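Colleague: Please take a close look at the salt bridges in this model and go through them pair by pair. Add a helix contact at the end.

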Amino acid sequence: MEDPFGSLDLDDDLFEDSTPVAPRKVMPASYPYPLAEDGLFFPVDDQDLLSPLNFAATFHSSKLAPSNISSVIERMYLLKQFEQCLALTRLWIVENRKQAKPFGNLEICDISARCCLKVEGPEAALAALEDCDDLDLTHPTQTTAGSFMFYTQLLRQSGGEDNWTRALDTLTMYFSVRGKDYRGFIEVYEVLIASMGSVEGKLGADGAKDLRLIASLAMRRAKWLFSQSLQPYLMDTPLMKRRESHENTKMDSVLDSNRTFLDAFDASVEDEDVFKNGIMDSLLWAFPKLKDQTVNWIRADILIKSSAANLILGDDEGDDEDASVSKM
């Protein structure tokens with residue numbers, strides 16, 4: 001039967017998209033940071049902005065001016081212009097405090113402290129971070145946890161028994177928010193090792209061994225937490241492979257050099273409480289001002305023998321999901 005409407009005589013071209021496909025854009029392997037001087041950025045070489053009088057006029061010139069200047073500060077920091085960046089952060093903080101409703105300044109204070117570390121040293125950086133209006137150093141939150149870690153690093157670098165004690169106490173507060181962050185345990189190791197030269201004479205050989213044992217156990221804990229944080233489906237990416245290799249190499253080097261202390265601890269048949277009491281006595285002899293919360297945390301979460309079961313049982317059972325380090 002003949003089709004009167006020609007509905008069966010269809011051209012295949014009707015079902016093909018004839019629109020030309022645009023060529024796919026490929027990001028170059030090396031992408032230089034653009035030296036843009038428009039948009040929200042003020043000219044980089046404008047020295048007038050560094051004058052307190054001119055800066056104040058610019059800061060209060062419009063509603064968006066403080067945010068625009070913060071963009072300049074971030075850009076300067078990325079370009080490693082630390083001296084200019086430090087000058088701007090200090091002016092920004094001064095002018096911000098004059099406002100009826102100041103902007104949040106945690107990020108600017110953090111950048112200011114990091115520039116201070118590069119230009120003036122850890123003590124100046126420590127003072128800059130302690131002067132931050134939006135950072136409560138007695139109560140960490142998810143927002144301020146990164147600044148707490150940076151604060152601990154500054155205390156360690158500044159040196160001295162009081163600073164090392166405060167660093168360990170601050171890490172205990174940090175772990176109340178990010179209880180499974182392996183980098184925090186690495187910092188425990190760094191603090192204890194940094195203090196060894198100063199406290200070794202006071203402790204004697206046996207006490208110094210106990211302190212090194214605590215540091216080594218902290219690094220072993222970090223290694224285990226790092227292995228648990230890796231996501232298998234991401235491990236095929238070159239970036240994650242490099243990161244895993246870098247972190248494991250660093251941690252394995254420390255563990256291998258302290259294997260004798262770790263093996264002796266794991267093989268000990270002495271009553272566990274008595275054994276731990278002796279180690280903790282050495283810690284308290286080195287840092288007599290440590291808070292009880294810090295002492296109890298080190299005893300429960302670091303002095304753990306090497307079986308996987310003990311490591312798992314050593315986790316904070318009360319931690320919620322927000323308290324754990326984000327898996328990579």
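Modeller: Asp 256 counts as exposed, because its relative accessibility is 52% and the cut-off for exposed is over 50%. This is a predicted model, and what follows should be read as a description of that prediction. The partner of Asp 256 in a salt bridge is Arg 259, with the closest N and O atoms 3.3 Å apart. Arg 259 has a relative accessible area of 34% and is therefore partly exposed. Elsewhere, salt bridges with shared partners bring Arg 97, Asp 131 and Asp 133 together in one network.

Within that network, the closest N and O atoms of the salt bridge between Arg 97 and Asp 131 are 3.1 Å apart. Arg 97 belongs to helix H3 (residues 82-97), while Asp 131 sits in the loop between helix H5 (122-130) and helix H6 (145-158), so this pair ties together parts 34 residues apart in sequence. Both side chains have some access to the surface: Arg 97 is partly exposed at a relative accessible area of 38%, and Asp 131 is partly exposed at 45%.

Another salt bridge joins the side chains of Asp 252 and Lys 223, at 3.0 Å from N to O. Here too distant parts of the chain are linked, since Asp 252 lies in helix H9 (residues 238-257) and Lys 223 in helix H8 (residues 182-229), 29 residues apart. Asp 252 is partly exposed, with 29% relative accessibility. For Lys 223 the relative accessible area is 23%, which also counts as partly exposed, because buried would require a value under 20%. The pairs described above are among the 14 salt bridges found in a search of the whole structure.

As for the helix contact, helix H4 (residues 106-119) and H5 have axes that come within 7 Å and cross at roughly 170°. H4 is therefore roughly antiparallel to H5, as the angle is over 145 degrees. On the H4 side the contact is made by Cys 109, Asp 110, Ser 112, Ala 113, Cys 116 and Leu 117. H5 contributes Pro 122, Ala 124, Ala 125, Ala 128 and Leu 129. By type, the residues of this contact are 9 nonpolar, 1 polar and 1 charged. H5 thus appears in both parts of this account: it makes the contact with H4, and the loop that holds Asp 131 lies between H5 and H6.

How values were computed
Residues are numbered from 1 along each chain as its sequence is written. This is a predicted model: local features need pLDDT of at least 70, side-chain atom pairs count only at pLDDT 80 or more; totals for chains, interfaces and linings use all residues. Side-chain values use heavy atoms; hydrogens and water are left out. A salt bridge is a side-chain nitrogen of Lys or Arg within 4 Å of a carboxyl oxygen of Asp or Glu. Helices (H or I, at least four residues) and strands (E, at least two) are DSSP runs, numbered from the N terminus. Buried means under 20% relative accessible area, exposed over 50%, partly exposed in between (1.4 Å probe, protein chains only). Axes are lines fitted to C-alpha atoms, for helices over the stretch in contact, and angles run from 0 to 180 degrees between N-to-C directions. Angles under 35 degrees count as roughly parallel, over 145 as roughly antiparallel, 65 to 115 as roughly perpendicular and the rest as oblique. Contact means heavy atoms within 4.5 Å. Ala, Val, Leu, Ile, Met, Phe, Trp, Tyr, Cys and Pro count as nonpolar, Asp, Glu, Lys and Arg as charged, and the others, Gly among them, as polar.
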